[in-house]
Amino acid sequence: MASLTVRQLDDQLKKLLRLRAARHGRSMEDEVRVILRRAAEESGRDALDRDELPVRPLGSRPHAAGADTRRVLLIIGGGIAAYKSLDLIRRLQDRGFHVRCVLTAAAQHFITPLAAGALAGGPAYTDLFDPRSEFDVGHIRLARDADVVVVAPATADLIAKMAGGHADDLATAVLLATDKPVLVAPAMNPHMWAAKATQRNLAQLEADGVRLVGPNSGEMAERGEAGVGRMAEAPEIAALVAALVQGSGSLAGKRVLVTSGPTTEPIDPVRFIANRSSGKQGHAIASAAAAAGADVVLVSGPVNLSDPPGVSVVHVETANEMLAAVEKALPADVAVFAAAVADWRPRQRNRSKIKKQQGRTPTLELVENPDILSTIAHRKSGRPRLVVGFAAETDDVIANAKAKLKNKACDWIVANDVSPATGIMGGDVNTVHIVTAKGVESWPPQSKDDVARALVERIAAASQEPER
Ligand code: C5P
C-alpha cells in the first residue's frame, strides 16, 4: 500500500489533524491510520478485507473471505497438541472457512507464527501491544470479525484464564471481547484434566455458554502416560465448527431426537442380554442432523463410538432407561428411533452374581420391554411431527416394514436386511428402503454416513411441508 505523506496536506487540514491526534494521544501518522481504517470499514467490510488480505503464499489454498465465507478465529495455546492445529487450519479451509490465527506466547514454543500464517494465508497474530497489528486489525476486531472462535489446544492455564476473565495477552483479550460462539478443545495431562481446579474452571466455561470438544482418551506425549486429555482430532473439531455456524442449515431451528445402539438388560451384576447393534447408523444420523443445524439429542445404549460433536448425548443401558431419557428429551420436531432395543429383559435382576450349582441350570424368565417407538408415536399430545422407525429384518423386509409402519403408528420406516450375509450389522455400508404411507423408496447401497445425510435431507424437506 502507498505510504502516507502528511506534508502534502494543506495547512488547515494539517492543523485539524494535529489537534485531533493530540486529543487522542496519538501520533499524526497513527491518527491518519485510524481515520483511514474507519473510512474503509464504513465503505464496506468486504472491500477492506480484500485489500487487507496479504498475498497468499505459494501452495496455500484459495480461501479469500468473501461475503458468504464463514470466518474462524483459531486461538492456538501452548501444548504439544499445537501441531494438530496446523492440520485443523487445513481441515477448516477444506470446509470453506477463512481462518485467522492467534498464537499465545507458549504456543510459539511448539509451532511458529510463520507456519500458522503460511497455512492460514495471512499473518498469525501474537502480541496485544504490537502497534502494527493493533492499528492494522486490533484485538476488538479480531474478536468480533469471526463467526466462531476456536481455542485449540486449550491448556489448563488458558482455560483458567478464560474462566477468570483475564485479558493480559492477545488470546485472552480476544476471548473476553468476543460476542461470537466459542469452542474450546482442551488438551493436557490426565492429572491436570482431572484436577479439581480444572473441572471447576470448565464448569464455569460451560455455564458461560462456551462449547467443549474432547478431550479424548489415549496415549499422552509423555512416555507411559495415558488417560483423558488428548486434544480432539482436527476433523472432529472442524465438523463441530461447521455444525456450530450452520445456523442456516436445512434443519436450523429444529430439535431432533435420535436413539442409537443396543440396550443391555442385566441378569445379575456381571451378565446381561445384549445384541449386535454397533450404533454406527444412529450416531451418523445424529451427526448429520447436527451438521444440518438441528439441535440434536442422542439417547445411546452402550457403544464403542465416541460422542458425535455438537450433539447432546444421554448414555443409557436398559430399554426402560432409554424410554425415560427419550421422554425427558421431548418435545422434539423429529424423532428417529434407530436403536436396537432389546425386546425382553429378565424378570429378575439378581443383586449378586448367580452361582454355578452342580447339576442345576437356572431358568431365565423374560418380560417384555416397552416399545419406545410405539409409545412415542401413539402419543396424543407432544408427539414429534415426524416419527421415523427402523426395521432390521432377515426375511420379508418390505412386508414386515409395512406392518411395523401401521402397528407402531410411525410416519416412516427405514427398513434394511440384516441377514448375516449382508454384513450390515456392525459394518459400514447399508442398503435401505424408505417405507411411508405413500409407498416404498429403495436406495442403492451406500455408506452409513451417506444414508444418514440423505435421510436428514429428506427429513428437512418433509419438515418444510405444511402441517396437515
Ligand atoms: O419391532 P422391532 O424391534 O423390529 O422395531 C424396530 C423399531 O422399533 C426401531 O425403530 C426400534 O428403535 C424401535 N423399537 C423401540 N423399542 C422397542 C423395540 C423397538 O423403540 N422396545
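## A walk from the ligand shell outward

H15 and strand S16 (386-393) each supply at least two residues of the shell around the ligand. S16 gives the most, with 3 residues. This is a predicted model, and the shell is a good place to start looking around it. In total, 14 residues surround the ligand, and the closest are Phe337, Val341, Ile372, Leu373 and Gly389. By character, the shell divides into 8 nonpolar, 3 polar and 3 charged residues.

From the shell, let us step back to the chain as a whole. The protein chain has 17 helices and 21 strands, and buried residues make up 40% of its 468 residues. Take the contacts between residues at least 6 apart in sequence: 69% of them join residues at least 24 apart.

How far can you trust what you see? The average pLDDT of the protein chain is 86, and 87% of the residues score at least 70. Residues 44-64 are another matter, since pLDDT stays under 50 over this stretch, for which the model has 20 contacts beyond four places in sequence. Where pLDDT is low, the predicted coordinates should not be read in detail.

Now turn to helix H14, residues 319-329, whose buried residues are Ala319, Met322, Leu323 and Val326. Looking down the axis of H14, you will find these buried residues within an arc of 100°, so they line one face of the helix. And what covers them? Among the covering elements are strand S8 (255-260), strand S9 (265-266), strand S11 (295-300), strand S14 (344-346) and helix H15 (372-377). H15 will be familiar, as it also supplies at least two residues of the ligand shell.

Next comes an open sheet, in which 5 strands follow the order S2-S1-S3-S4-S5 with parallel pairing. Strand S2 (97-103) and strand S5 (211-212) stand at the edges with a single partner strand each, so one side of each has no neighbour in the sheet. At the S5 edge, the partner is strand S4 (residues 182-186), and the two pair in the parallel sense over 2 bridges. One pair to pick out here is leucine 183 with its bridge partner in S5, arginine 211.

Further along the chain, strand S6 (residues 216-219) and strand S7 (residues 226-230) pair in the antiparallel sense over 4 bridges. Asparagine 216 has arginine 230 of S7 as its bridge partner. The hairpin of S6 and S7 has 6 residues between the strands, and glycine 224 takes a positive phi near 80° there.

Conventions
Residues are numbered from 1 along each chain as its sequence is written. This is a predicted model: local features need pLDDT of at least 70, side-chain atom pairs count only at pLDDT 80 or more; totals for chains, interfaces and linings use all residues. A residue is buried if 20 or more other C-beta atoms lie within 10 Å of its own, exposed if 12 or fewer, and partly exposed in between; C-beta atoms are placed from the backbone. The arc is that of the directions from the helix axis to the C-beta atoms. Two residues are in contact if their C-beta atoms, placed from the backbone, lie within 7 Å. A residue is near a molecule or strand if its C-beta atom, placed from the backbone, lies within 6 Å of it. Ala, Val, Leu, Ile, Met, Phe, Trp, Tyr, Cys and Pro count as nonpolar, Asp, Glu, Lys and Arg as charged, and the others, Gly among them, as polar. pLDDT is the predictor's confidence in each residue, from 0 to 100. Two strands pair if DSSP finds at least two bridges between them.
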